[in-house]
Amino acid sequence: MDLLNTLVDKGLRRELPTREEALAVLATTDDELLDVVAAAGKVRRHWFGRRVKLNYLVNLKSGLCPEDCSYCSQRLGSKADILKYTWLKPDEASKAAAAGLAGGAKRVCLVASGRGPTDRDVDRVSETIKAIKEQNEGVEVCACLGLLSDGQAERLREAGADAYNHNLNTSEGTYGEITTTHTYADRVDTVQKAHAAGLSACSGLIAGMGESDEDLVDVVYSLRELDPDSVPVNFLIPFEGTPLAKEWNLTPQRCLRILAMVRFVCPDVEVRIAGGREVHLRSMQPLALHLANSIFLGDYLTSEGQAGKADLEMIADAGFEVEGADQVTLPEHRAQAGGGCGSHASAGGGCGSHEDAGAGCGSHEDAGAGCGSHEGGGVCGTAAAVPAATEPRTDLVAVRRRGAGTDLAPNA
């Protein structure tokens with residue numbers, strides 16, 4: 001396809017595709033899907049080789065969020081039967097982080113529900129960051145605490161945070177349809193605050209909320225303009241007890257097209273498969289590794305994920321390797337720019353400028369409750385009777401009952 005050849009050439013040059021080209025990727029047929037994956041895979045391998053970065057989530061404070069984000073199981077008014085607890089102590093959070101690091105993760109993402117942190121909350125998280133850093137040499141720490149006030153990003157940076165996550169989630173034009181307690185502009189402001197403080201910016205999206213192809217392209221182009229170092233792609237988990245519980249709009253093929261489009265628009269950025277990976281990609285997860293170079297290991301914030309051991313086996317079986325703590329994730333031109341907002345040689349080069357976002361206010365990196373799973377942490381899709389592909393896979397959504405906030409060992 002001429003389209004794919006053009007997109008590969010642009011990706012290798014860090015040149016921005018046209019909106020029409022990005023929309024055309026989302027409009028490809030199932031017969032063309034493997035060609036799309038192969039083309040985007042060339043761009044992924046050019047900038048990131050066959051490395052897969054592992055990240056590990058620690059939910060510092062779960063549930064009872066005052067924000068009304070429709071996708072989130074921790075939202076105001078949520079009836080989802082999730083774990084609810086207040087702040088973990090620094091030693092508890094450090095212990096939880098250690099499990100993920102032992103499983104191969106090189107970044108720990110510290111997430112807390114809520115509109116945004118108070119100054120006391122920033123003190124708490126700063127103590128936790130210091131505890132994790134003291135006990136784990138070389139670990140990266142990303143904070144995801146919601147909307148930031150002036151000076152808070154600088155304090156997190158001083159405490160040792162490497163990155164800050166705050167997702168845009170969807171297009172500016174449709175943002176008011178999923179959240180009313182804060183604005184799209186509030187989210188952009190927080191990503192910019194993180195970047196200005198010298199934190200690596202992480203900001204991404206949630207697919208599957210009923211948005212159009214145009215909405216998806218809009219938010220990815222907005223992310224490119226912000227220039228984050230990492231872009232997490234969440235796939236909505238329609239969690240019972242939330243307003244979007246009936247929104248089962250994704251297929252594995254649709255998810256792959258979305259990841260490919262993100263890779264073409266953001267060629268040299270860490271593209272991370274976040275919440276919903278197991279629920280929506282299912283047995284096609286290995287193909288997604290040809291598009292994204294980063295995943296979460298084990299469980300998510302409020303839902304269970306694929307067993308950490310199964311993640312590692314999947315990476316190896318697909319011919320990829322886990323990125324080591326001594327390896328630099330970003331391409332040299334981005335890493336030399338300080339790991340943040342790319343000073344790319346050409347305008348429109350690179351992708352984005354401010355790092356990865358948890359789902360912001362309330363900060364839920366796992367789009368509506370993470371990614372379903374499997375009693376005992378088994379591999380997704382192992383139910384005795386597998387429903388037809390066109391039916392919602394509600395059997396793959398399981399509330400997290402282990403790890404942080406419980407007495408049970410985490411899944412890592």
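In the next few minutes I will walk through the strands, a few single residues and the enclosed spaces of this structure.

Before anything else, please keep in mind that what we are looking at is a predicted model, and that the values I quote are computed from it. The protein chain has 412 residues, of which 63% count as buried, and it contains 13 helices and 10 strands. If we take the contacts in the chain between residues at least 6 apart in sequence, 80% of them join residues at least 24 apart.

Let me begin with strand β2, which covers residues 107-112, and where 6 of the 6 residues are buried. In general, the side chains of a regular strand alternate between the two faces of the sheet, and that is a useful thing to have in mind when we ask which residues of β2 lie on each side. On one side are Arg107, Cys109 and Val111, on the other are Val108, Leu110 and Ala112, and every one of these is buried, so that both faces of the strand are covered. I would draw your attention to Arg107, which the model places among the buried residues of this strand.

What does β2 pair with? With strand β1, residues 51-61, β2 runs parallel, and the two are joined by 6 bridges; within that pairing, Val58 stands opposite Leu110 of β2. With strand β3, residues 140-144, the pairing is again in the parallel sense, this time over 5 bridges, and here Cys109 has Cys142 of β3 as its bridge partner. The link between β2 and β3 involves helix α5, residues 119-135, and the three elements together make a right-handed β-α-β unit.

I turn now to strand β7, residues 230-235, for which a similar description can be given. All 6 of its 6 residues are buried, and so the strand is largely enclosed by the rest of the structure. Ser230, Pro232 and Asn234 are on one side, Val231, Val233 and Phe235 are on the other, and both of these faces are covered. Strand β6, residues 205-207, runs parallel to β7 and is joined to it by 3 bridges, with Leu205 having Val233 as its bridge partner in β7. The chain passes from β6 through α8 to β7, in a β-α-β crossover that is right-handed. On the pairing with strand β8, residues 270-273, there are 4 bridges, and the strands are once more parallel; there, Val231 stands opposite Val271. Helix α9, residues 252-265, completes a right-handed β-α-β unit with β7 and β8.

Just before β7 there is a residue that deserves a comment on its backbone. Asp227 sits in the loop between α8, residues 213-226, and β7, and its phi is near 60°, which is a positive value in a residue other than glycine. With a relative accessibility of 4%, and a cut-off for buried of under 20%, Asp227 counts as buried. Asn169 also has a positive phi, in this case near 75°, and it belongs to the loop between β4, residues 163-165, and α7, residues 184-196. The relative accessible area of Asn169 is 0%, so it too is buried.

A third residue, Val36, comes from helix α3, residues 33-48, and at 1% relative accessibility it counts as buried. Where are its contacts, once we leave aside its neighbours within four places in sequence? They are with Leu4, Val25, Thr28, Ala260 and Phe264. Val36 and Leu291, which are 255 residues apart in sequence, are 9.7 Å apart in space, C-alpha to C-alpha.

Finally, the spaces. The structure holds 1 cavity of 30 Å³ or more, and about 90 Å³ of space lies in the largest cavity. It is lined by 14 residues, and those closest to its centre are Tyr56, Leu57, Tyr300, Arg400 and Ala404. Strand β1 gives the largest share of that lining, with 4 residues, and by class the lining has 8 nonpolar, 3 polar and 3 charged residues.

The second largest pocket contains about 260 Å³ of space. Of its 13 lining residues, Glu92, Lys95, Gly403, Ala404 and Thr406 are the closest to its centre, and the lining divides into 7 nonpolar, 3 polar and 3 charged residues.

Note on methods
Residues numbered from 1 in each chain as written. Predicted model: local features only at pLDDT ≥ 70, side-chain atom pairs only at ≥ 80, totals over all residues. Heavy atoms only, no water. Buried < 20%, exposed > 50% of the residue type's maximum accessible area, 1.4 Å probe, protein only. Pairing = 2+ DSSP bridges. Right-handed = clockwise from strand over helix to strand, strands pointing away. 1 Å grid on protein atoms, 1.4 Å probe; cavity = no way out; pocket = protein on both sides within 12 Å on 5 of 7 lines; lining within 4 Å. Points joined across faces, edges and corners; volume = space filled by probe spheres on them. Nonpolar A, V, L, I, M, F, W, Y, C, P; charged D, E, K, R; others polar. Contact = heavy atoms within 4.5 Å.
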